[in-house]
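Visitor: Could you take me through one part of this protein in close detail? I would like to look at the sheet and what packs around it, and then see how the rest of the chain fits in.

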Amino acid sequence: MIRRPTLIAALAMAGLLGTSAFAQNLSPKAQYAYDTKQASTRYADDKKLCAEETSSKARMQCLRDAKTEYDQSIINAKAAQKAGNSYASQPAKQQQQICSDCGKVLAVNVTEKAGEGGALGMIGGGVAGALLGRQVGSGHGKDLATLAGAAGGAYAGKQVEGRVRNSKVWTVTVQYETGAKADFAFDQDPGLHSGDLVRNSGNGITRR
């Protein structure tokens, strides 16, 4: 006589495995059709085995056990289909919950931006250079020295003014929930750090 309780437990486990197989390969409807077909096949095989029992009492008990196993298999198949429908609907819900303007700070880098000297530096440097050139030259050479001093002084004045105007730039790298990345530059410390949650606000970002 077949050990029916053991088979019922095995069928229950088969129902759970069927749910896992569904999640990877089959649609809920196809998984249900597959599970019910398997249950019917097993039921038919069990009835053939029951016919081999030596007494009518044993055959009747065997058939009752086979029917119990079949009913349990159908219950498992329906549960697998329900679980499959829930699983299949999860990606759509997750997509609806994604905030395309929301992201997280990946890194904050501070760099030095070189300034550019303006006309004021050139004029100031040129005057100083011209005065120095007149002091070291004489005659026609004095005029050339004046011109050379003015040109050199203008260049030096521009460089000095440029160094004075050097500034820092804070570049914040953000990764959005959609997976896209973007960099935002600030001329002042934005007070953001790696891991901070932010939201796009037009041309910039704000903390969430």
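Guide: Happy to. Let's start with the core: V105, V172, V174, Y176, F184, L192, V198 and I205 make up the largest nonpolar core, which has eight residues in all. Strand β2, residues 167–176, gives the most to this core, with three residues. In soluble globular proteins, nonpolar side chains tend to be buried together. Please keep in mind that this is a predicted model, and everything I describe is computed from it.

A good residue to click on is V174, a member of that core. Leaving aside residues up to four places away in sequence, V174 touches G103, K104, A180, K181, A182, F184, V198 and I205. Three of these names, F184, V198 and I205, will be familiar from the core list.

Now step back to the sheet itself. It is an open sheet of five strands in the order β3-β2-β1-β4-β5, with antiparallel pairing. The edges are held by β3 (181–186) and β5 (204–207), each with a single partner strand, so one side of each is left without a neighbour in the sheet. On average, neighbouring strands of this sheet are turned by 40 degrees against each other, direction ignored.

Let's walk through some of the pairings. Strand β1, residues 102–113, runs antiparallel to β2, and ten bridges join the two. One place to find this pairing is V110, whose bridge partner in β2 is W170. On to the next pair: β2 and β3 are antiparallel as well, with six bridges between them. W170 turns up again here, since its bridge partner in β3 is F186. The hairpin of β2 and β3 has four residues between the strands, and in it G179 takes a positive phi near 105 degrees. At the other edge, β4 (residues 197–201) pairs with β5 in the antiparallel sense over four bridges. There you can look for N200, whose bridge partner in β5 is I205, and I205 is also one of the core residues.

W170 deserves a stop of its own. This tryptophan is found in strand β2, and with 15% relative accessibility it counts as buried, because the cut-off for that is under 20%. Again leaving out residues up to four places away in sequence, W170 touches V108, N109, V110, F184, A185, F186, D187, Q188, D189 and P190. That list includes V110 and F186, its bridge partners in β1 and β3. It also includes D189, and the C-alpha atoms of W170 and D189 are 6.3 Å apart in space, although the two are 19 residues apart in sequence.

Next, the disulfides, which a bench biochemist may well want to see. The structure holds two of them. If you number the bonded cysteines in sequence order, the pairing is 1-2, 3-4. In one, C50 and C62 have their sulfur atoms 1.8 Å apart. The torsion about their S-S bond is about -75 degrees, so this disulfide is left-handed. The pair links distant parts of the chain, twelve residues apart: C50 sits in helix α2 (residues 28–50) and C62 in helix α3 (residues 56–97). Both cysteines count as buried, C50 at 1% relative accessibility and C62 at 0%.

The other disulfide brings us back to the sheet. It joins C99 and C102, with sulfur atoms 2.1 Å apart. This link is right-handed, with 65 degrees about the S-S bond. C102 is buried, with a relative accessible area of 2%, and residue 102 is where strand β1 begins.

Finally, here is how the sheet fits into the whole. The protein has five helices and five strands, and along the sequence they follow the pattern α-α-α-β-α-α-β-β-β-β. Of its 208 residues, 27% are buried. Among contacts with a separation of 6 or more, 65% are between residues 24 or more positions apart. The accessible surface comes to about 13700 Å², and 56% of it belongs to carbon and sulfur atoms.

Key:
Residues are numbered from 1 along each chain as its sequence is written. This is a predicted model: local features need pLDDT of at least 70, side-chain atom pairs count only at pLDDT 80 or more; totals for chains, interfaces and linings use all residues. Side-chain values use heavy atoms; hydrogens and water are left out. Two strands pair if DSSP finds at least two bridges between them. Axes are lines fitted to C-alpha atoms, for helices over the stretch in contact, and angles run from 0 to 180 degrees between N-to-C directions. A nonpolar core is a set of buried Ala, Val, Leu, Ile, Met, Phe, Trp, Tyr and Cys residues joined through side-chain atoms within 4.5 Å. Buried means under 20% relative accessible area, exposed over 50%, partly exposed in between (1.4 Å probe, protein chains only). Contact means heavy atoms within 4.5 Å. A disulfide is a pair of cysteine sulfur atoms within 2.5 Å. Accessible areas come from the Shrake-Rupley method with a 1.4 Å probe; for residues, only the protein chains shown count as cover.
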